[in-house]
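This briefing covers the sheet, the helices packed on it, and the cysteines.

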Amino acid sequence: MKMYKLFNKLEPYNEGYLKVDDIHEIYYSESGNKDGKPIVYVHGGPGGGCGTLGNRFFDPEFYRIITIDQRGCGKSKPFLELKDNTTKYLSDDMEKIREHLKIDKWVLFGGSWGTTLSLYYAINHPDRVLGIILRGVFLGRKEDSDWLYQKGSDSFFPDLFEKFTANFTEKQKENLINSYYEKLTSDDKEIQKKYAKQFADFEGSIVSLYPRELSEEISDYDLAIAIMECHYFYHDFFMPENYILDNVERIKNIPTIIVHGRYDVDCRPIGAYLLDKKLNNSELIFTIAGHSSIEEENTHELINATNKFKKLFK
């Protein structure tokens, strides 16, 4: 069977900043077909940014591809700003950019945290969503965050979890998100960098079925992933507990394709399964892969999903 590969790197035909309030300017780009059908890439993290991969899952001859760097990360300004950085604000930013670009309805394409934000946006703006493609579903419940950063993932990666917790006392280990939040919001930039690298390396080490080599450099990406993720985890994603599953009724008939790695330790397959069970117009595909969108089977099924969704526009 032919496996779909990422499309070639695309340069935007339009990019810019939208000032959404007194603090934040949100970077967005458009690439592909100017007259194509709109699809928006909703990146993960929080803090991941779109980078150079955000527009490579879509047929550039068919789709008008929109990428958005969420508040505080990627090219959006100011970098690492936590003030007024909540799930609702991120969703509102998406809506403002949709209006700014004069798009009536679009397809949402979200991975990891991007699934959480896509679902939150769709629940609040169902009339603006033509379809949803999700990879690595994360429902944003306490059990999901506890699994990743407290108790669960350590059963699969005990050696890496030991490094993740190494610089904390036994008392501090009782609530690792709180302990990391204290370090990552420190005024001491060296402490912030040290713990950001430790935080980002742990997640970066568990997202793929096969080990990935991590740089020893402390990058802006490491800082954004660690600080933004911890900010959202610490504040329970700025959502009531079980918000998505409790409100999924509003989007149950929107065409949805879910791709989830069978061996995803970062975001457990049970989340995708529970979501799919509550939707009327959903297809769930389990892959022989982990969490990462660039693992071969995940990439193939995501591009296959974007090809299937071409029919929504006919």
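Strand E6 (residues 129–135) and strand E7 (residues 256–261) run parallel and are joined by four bridges. Leu134 has Ile258 in E7 as its bridge partner. This is a predicted model, in which local features need pLDDT of at least 70 and side-chain atom pairs count only at pLDDT 80 or more, while totals for chains, interfaces and linings use all residues. Residues are numbered from 1 along each chain as its sequence is written, and side-chain values use heavy atoms, with hydrogens and water left out.

**Sheet**
- Eight strands (DSSP E runs of at least two residues, numbered from the N terminus; paired if DSSP finds at least two bridges between them) make an open, mixed sheet ordered E1-E2-E4-E3-E5-E6-E7-E8.
- Strand E1 (14–19) and strand E8 (282–287) are at the edges with a single partner strand each, so one side of each has no neighbour in the sheet.
- Neighbouring strands are turned by 20° against each other on average, direction ignored, with axes fitted to C-alpha atoms.

**Helices** (DSSP H or I runs of at least four residues)
- Helix H1 (residues 87–100) lies across E1, E2, E3, E4 and E5, at about 50° to E2; angles run from 0 to 180 degrees between N-to-C directions, and helix axes are fitted over the stretch in contact (heavy atoms within 4.5 Å).
- Helix H2 (residues 113–124) packs on the sheet, touching E3, E5 and E6, and its direction makes about 145° with that of E5.

**Cysteines**
- The structure holds zero disulfides (cysteine sulfur pairs within 2.5 Å).
- The sulfur of Cys73 is too far for a bond, because the closest cysteine sulfur, in Cys50, is 7.9 Å away.
- For Cys230, the nearest cysteine sulfur is that of Cys73, 15 Å away.
- Cys73 is buried (under 20% relative accessible area, 1.4 Å probe, protein chains only), at 1%.
- Cys230 is also buried, with a relative accessible area of 1%.

Conventions: Buried means under 20% relative accessible area, exposed over 50%, partly exposed in between (1.4 Å probe, protein chains only).
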